[in-house]
Amino acid sequence: MANTTEQTEQPICCSESTLGTEEFVHFETLALHAGASPDPVTGALLPPIYQTTTYRQEAVGVHKGFTYSRAGNPTVAALERRLAALEGAPYATCYATGLAATTALCLALLEAGDRVIVSQVVYGGTVRLLQQFFARFGVRADFVDTSDLGALKAALREPARLVFIETPANPTLKLTDIEAAANLAHAAGALLVVDNTLLTPALQRPFEFGADIVLHSTTKFIEGHNATVGGALIVRDKELHERFEYTRTATGTIQAPFTAWLTLQGVKTLPLRMERHSENALRVARFLEKHPRIKRLIYPGLESFPQYELARRQQKSGGALIAFEVEGGTEAGIRLMNSVRLCALAENLGAAETLVTHPASMTHWSVPSDQREAAGITDGLVRLSVGLENPEDIIADLDRALRQ
Ligand SMILES: *Cc1c(COP(=O)(O)O)cnc(C)c1O
């Protein structure tokens with residue numbers, strides 16, 4: 001189970017779960033119990049929200065592991081232990097947002113002159129951060145179709161510090177073979193970072209395939225209720241973890257305790273939610289695949305998915321996201337999105353509610369259009385994040401909207 005830095009004594013509340021680590025190791029159990037046990041003082045079942053800036057020290061240099069909430073907070077630490085346990089790694093740091101986690105990753109590991117290889121299709125904000133901000137400090141990002149291992153291998157002929165992949169990629173859902181990417185990255189002396197936001201450890205565990213760093217926007221499925229923004233970096237290596245902690249303290253990107261507390265509640269149902277998201281998405285995908293108004297449908301849980309074998313190998317199920325193009329191009333796509341009533345047109349994914357997005361005008365507007373087209377994010381592409389409603393209702397809503 002998760003454990004934080006060895007040199008700091010853990011405080012009583014929000015202390016590491018008292019569950020026997022050998023006995024209770026199943027994912028569903030860890031989602032509920034890892035990282036926090038009932039408050040020994042009051043018996044409160046839920047860990048408290050430690051809404052405090054600072055911590056009284058017993059003597060100079062003698063404290064319970066917390067000094068100032070920019071460096072660490074007990075509620076945030078409880079979430080860190082839980083997320084680490086769920087990914088099957090010892091260390092995690094949590095951040096104000098997913099992009100704050102990406103920022104911390106880059107600030108901790110990159111210097112001017114360094115090169116990063118990034119999946120061609122990644123979250124739009126990741127592209128903007130690298131191209132518009134880190135580029136100014138001399139960090140070069142090369143966007144490569146990492147679903148093509150030959151292309152990744154070729155890109156690694158030039159030195160790179162990091163290989164940053166998102167699989168499935170948002171929003172085209174192309175997969176990258178994590179194990180093969182890890183082997184190629186390691187052979188070239190690079191670290192493999194996996195943005196695991198879209199599947200979460202409930203459906204995909206990148207460390208089992210050799211990843212070095214797992215990144216999350218906890219804003220999405222992990223918290224799961226559209227109530228917070230947050231991020232996390234999870235690692236197996238202690239030295240890397242210490243660098244992230246130091247960077248977070250020095251740059252001030254830590255998560256707020258209330259966010260951590262809400263996320264601790266949301267993550268309890270992660271295994272149940274992800275299973276249902278996948279079941280619902282499969283039902284909706286099967287319906288849309290046969291629909292006369294759908295031109296192209298992409299869902300990793302369908303046999304028709306080009307990388308179906310890889311999906312079966314590295315993910316537990318297809319996940320919540322479906323991408324499709326409607327017959328009639330951009331106009332028809334926009335008509336559909338403006339006609340849905342149950343599905344919400346929204347710039348997000350990974351919520352309990354079904355959300356529909358037009359990546360070209362919403363999430364990926366900041367990616368230059370030629371780069372977007374090259375990556376397969378066509379102007380008519382629609383992304384559906386299938387929620388936890390009854391799938392019959394989602395299907396009825398889409399069917400009616402498609403017939404408008
Ligand atoms: C949303 C998202 C991010 C960024 O997270 P924020 O919490 O919005 O900053 C990063 N990666 C992926 C895959 C995302 O979906």
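**Exercise 1. Work out which polar atoms sit by the ligand's oxygen atoms in this predicted model.**

Start with Thr219: an N or O atom in its side chain is 2.6 Å from an oxygen atom of the ligand. Next, take Ser217, where a polar side-chain atom and a ligand oxygen are 2.9 Å apart. Then switch to the backbone: a polar backbone atom of Leu99 lies 2.8 Å from an oxygen atom of the ligand. With a cut-off of 3.5 Å for a polar contact, the Thr219 pair makes the list, as does the Ser217 pair and the Leu99 pair. To finish, fill in the surroundings: the residues around the ligand also include Thr97, Gly98, Tyr123, Glu166, Asp195 and Lys220.

**Exercise 2. Find where the largest nonpolar core lies relative to the two domains.**

First, pick out the hubs: among the 47 core residues, Leu83, Ile234 and Leu270 touch the most other members. Now ask which element gives the largest share; that's helix H2 (residues 74-87), with seven residues. Domain 1 (12-267) and domain 2 (270-402) each contribute residues, so the core lies between them. Zoom in on Leu270: leaving out residues up to four places away in sequence, Leu270 touches Phe27, Thr200, Ala202, Phe221 and Ile222. Don't mix this up with a second, separate core of 30 residues, which includes Ala108, Val116, Phe134 and Leu233.

**Exercise 3. Decide which stretch has pLDDT below 50.**

Check the chain overall: the average pLDDT is 92, and 95% of the residues score at least 70. Then look at residues 1-13, where pLDDT drops below 50. That stretch still has 33 contacts in the model beyond near neighbours in sequence.

Definitions and conventions. Residues are numbered from 1 along each chain as its sequence is written. This is a predicted model: local features need pLDDT of at least 70, side-chain atom pairs count only at pLDDT 80 or more; totals for chains, interfaces and linings use all residues. Side-chain values use heavy atoms; hydrogens and water are left out. pLDDT is the predictor's confidence in each residue, from 0 to 100. Contact means heavy atoms within 4.5 Å. A nonpolar core is a set of buried Ala, Val, Leu, Ile, Met, Phe, Trp, Tyr and Cys residues joined through side-chain atoms within 4.5 Å. Buried means under 20% relative accessible area, exposed over 50%, partly exposed in between (1.4 Å probe, protein chains only). Helices (H or I, at least four residues) and strands (E, at least two) are DSSP runs, numbered from the N terminus. Domain bounds come from an automatic or database domain assignment. A residue is near a molecule or strand if one of its heavy atoms lies within 4 Å of it. A polar contact is a pair of N or O atoms within 3.5 Å; within protein, one must be able to donate a hydrogen and the other to accept it, and residues adjacent in sequence count only if both atoms are side-chain atoms.
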